[in-house]
Amino acid sequence: MAESLSPPGIELPSPMLSARLRELAGFLAAPMAGRLTEEQRALSLGIARRLVADAAQMPGDAIDVAMLWHDWLEGGLPTAARLATACYARAEEHRWREHSAIRAIAPATDETDEAAAATTAPEVAPEVDRAYLALQIADRRRFDARGHPRIAPADTDPDLLRALLGDIAAWRVLQPGKDGASAFDPDDFVQRALDRHSPAAGIDRAARAYHASLATAADVAAAAVTAIAGHDWPALIALAACEHRRPYADMAFELLSAAPAALPTLLAPLRLDRAALAPLEASLAALPSRAGGEAGQ
């Protein structure tokens, strides 16, 4: 039985106070444990809001997304446990990429250097170029029109999407004063949304196509080295995910939460030497408040 957070005989006046006391109790139970920063909270909450809005609009029904989100903020997101992992993982990947981009400073080059690079750069097969472009397009769909990170509907885990749609449908049923509310069919709402769910345009499909376009293991390794040197983390994650036969999101989260000593083993299928991994290790180590390894503080 859960321990009560209120003294005997005192009734807590509001769910918000109860939640804050639970948060404080958790902090007092482990005051030295790492806590989410305001940036991490804001990013994760924004990603959750965008995912809820996308899911609510998938069947094409007139769902009041603003009211839905308002009600869920007041009473708590019913799919919170499942949303937490997905949204936090996407938020941490975004933080890593943004922080890495800020830290990366391109070295100065003159025209002679650029000409030499152009003459020595290996040719890339057209199919590799096309697959890489498709990967970039799939990654761009993981942002909204303003550049904020999101989980694209095509990339949403099917079980999470089904649970989220079920919760949205349950909320819709309880809305008072809605025309035709009695005719609303929650199961039909969920099924119509799932019928429109198209993972074909997702990052996982693009990652597999990019990986397949590289003819040999040596080509994959060379592409990974180039990705690390250029801080092209989506390309690196895509290649590692395919080598491990895992979803892109899972691979990104594992990279972000790995201890520095675990990176060579984690990326062993890419056949990279320790020197090639150095920029990756440095980038991850410098990310403030990272949950794994020796993150920057």
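The buried residues of helix α3 pack against two other helices, α2 (38–57) and α7 (158–173), in this predicted model. Helix α3 itself spans residues 65–75, and its buried members are Val-65, Leu-68, Trp-69 and Trp-72. When the helix is viewed down its axis, these buried residues fall within an arc of 95°, so they line one face of α3. The contacts with α2 and α7 are thus made by the buried residues of α3.

The other side of α3 presents a contrasting picture. Ala-66, Glu-74 and Gly-75 are exposed there, each with a relative accessible area over 50%, whereas Val-65, Leu-68, Trp-69 and Trp-72 are buried, with values under 20%. Beyond the end of the helix comes Gly-76, which has a positive phi, near 100°.

The surroundings of α3 are helical throughout the list of secondary-structure elements. The chain contains 14 helices and zero strands, and its pattern, read along the sequence, is accordingly written as α-α-α-α-α-α-α-α-α-α-α-α-α-α.

At the level of the whole chain, 38% of the 297 residues are buried. Among contacts between residues at least 6 apart in sequence, 71% join residues at least 24 apart. As for the surface, the chain exposes about 17,000 Å², and carbon and sulfur atoms supply 57% of that area.

Terms used: Residues numbered from 1 in each chain as written. Predicted model: local features only at pLDDT ≥ 70, side-chain atom pairs only at ≥ 80, totals over all residues. Heavy atoms only, no water. Buried < 20%, exposed > 50% of the residue type's maximum accessible area, 1.4 Å probe, protein only. Helix = DSSP H or I, 4+ residues; strand = E, 2+ residues; numbered from the N terminus. Arc of directions from axis to C-beta. Contact = heavy atoms within 4.5 Å. Areas by Shrake-Rupley, 256 points an atom, 1.4 Å probe, with all protein chains shown as cover.
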